Amino acid sequence: MTDLSFPKLPGGLPDKRQVAASFSRAAVSYDSVAELQRAVGSELLSRLPGDCSPGRWLDLGCGTGYFSRVLARTFPESEGLALDIAEGMLDHARPLGGATHFIAGDAERLPLQTHSCELIYSSLAVQWCADFASVLSEAHRVLKPGGVLAFASLCVGTLYELRDSWSQVDGMVHVNRFRPFSTYQQLCAASGLRVLSLETRPHVLHYPDVRSLTHELKALGAHNLNPGRPGGLTGRARILGLIQAYEQFRQGQGLPATYQVVYAVLEKPL
């Protein structure tokens, strides 16, 4: 088990260039371990308004393009845009099709024209954006009046079992930090978009052992990206301590890993 050191930016946030690099490296392995991503993305799609029929949609943080291809099948007459900050993900997604255009870009500064989309769909991407108010502001700008922003993200409480187990071993940052659900509520309410729905639901996965969980996080590119994390190899004694601490959470199905998923559907007023 390894921890990779990420440059620190003002405010104690990880350098987004390094976040992009982490997900680029994970492009080949991502789909093989993306059970949570598939489940959450499908749930988010089911929450779209029944009359949603966009002329142009944007898959924001498209990753390997799995849901770009689903959106293309769902809205076959529409033009699709797939955007990600990780070039490696776009290189993987592009040959598989789905979107009309694949764009390297930042959700906080979208390289798109004002009033250019009727739907922005974003599943498990915006939790990596430090300035979520800017994400909402850019969505408001890019959406046409009556357009919809549907996003799924993660909030505080995600991977609490892993975090609590590490806290018994040392005082370092081993688990990604996520913003509180109350912050999502406040920022969405202040965004100028009308909140159609906003809630959080737990999604629990189970693993036979700790190594299976940490291997999956690395394969997803979602291993620890926080400043303050330990650098280099994690010592054997600390790993054994983590394993012992995590066993207190074991259930019949295995070791649980809880993800607190935020689901939101917002509409730009006419």
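The protein chain you are looking at has 10 helices and 11 strands. This is a predicted model, so please read every value below as computed from predicted coordinates. Of the 270 residues in the chain, 53% count as buried. About 12,000 Å² of the protein chain is exposed, and carbon and sulfur atoms supply 53% of that area. Among contacts with a separation of 6 or more, 78% are between residues 24 or more positions apart.

**The sheet**

Let us start with the open sheet, which is formed by 7 strands in the order 6-5-4-7-8-11-9, with mixed pairing. Strand 6 (101–104) and strand 9 (194–207) stand at the edges, and because each has a single partner strand, one side of each is left without a neighbour in the sheet. On average, neighbouring strands of this sheet are turned by 15° against each other, direction ignored. As background, strands of a sheet pair through backbone hydrogen bonds, either parallel or antiparallel.

Two of the pairings can be followed down to individual residues, and the table sets them out.

| Strand pair | Sense | Bridges | A bridge pair |
|---|---|---|---|
| Strand 4 and strand 5 | parallel | 5 bridges | L58 with L81 |
| Strand 7 and strand 8 | parallel | 6 bridges | Y121 with A150 |

In the first of these pairs, strand 4 covers residues 56–60 and strand 5 covers residues 79–84. As for strand 8, is it enclosed by the rest of the structure, or is it open? Of its 12 residues, 9 are buried, so strand 8 is largely enclosed by the rest of the structure.

**Helices on the sheet**

Helix 4 (residues 66–74) lies across three strands, namely strand 4, strand 5 and strand 7 (117–123), and runs at about 160° to strand 4. Helix 6 (residues 132–142) also packs on the sheet, where it touches strand 7 and strand 8 (143–154). The direction of helix 6 makes about 150° with that of strand 8.

**Helix 6 and helix 8**

Helix 6 has a helical partner too. Two packed helices are described by the angle between their axes and the distance between the axes. Here, the axes of helix 6 and helix 8 (residues 181–189) come within 10 Å and cross at roughly 35°. The crossing of helix 6 past helix 8 is right-handed.

Which residues of helix 6 and helix 8 meet? From helix 6 come F132, A133 and L136, while helix 8 brings Y184, L187 and C188. By class, this contact has 6 nonpolar residues, no polar residues and no charged residues.

**Two leucines with positive phi**

Two loop residues deserve a look if you are checking backbone torsions. L124 sits in the loop between strand 7 and helix 6, and its phi is near 55°, a positive value in a residue other than glycine. Is L124 buried or exposed? With a relative accessible area of 9%, L124 is buried, since buried means under 20% relative accessible area.

L159 is found in the loop between strand 8 and helix 7 (160–167). Phi of L159 is near 55°, again a positive value in a residue other than glycine. The relative accessible area of L159 is 6%, so this leucine counts as buried.

Methods: Residues numbered from 1 in each chain as written. Predicted model: local features only at pLDDT ≥ 70, side-chain atom pairs only at ≥ 80, totals over all residues. Heavy atoms only, no water. Pairing = 2+ DSSP bridges. Helix = DSSP H or I, 4+ residues; strand = E, 2+ residues; numbered from the N terminus. Axes fitted to C-alpha atoms, helices over the stretch in contact; angles between N-to-C directions. Contact = heavy atoms within 4.5 Å. Left-handed = near helix turned anticlockwise from the far one by under 90°. Nonpolar A, V, L, I, M, F, W, Y, C, P; charged D, E, K, R; others polar. Buried < 20%, exposed > 50% of the residue type's maximum accessible area, 1.4 Å probe, protein only. Areas by Shrake-Rupley, 256 points an atom, 1.4 Å probe, with all protein chains shown as cover.
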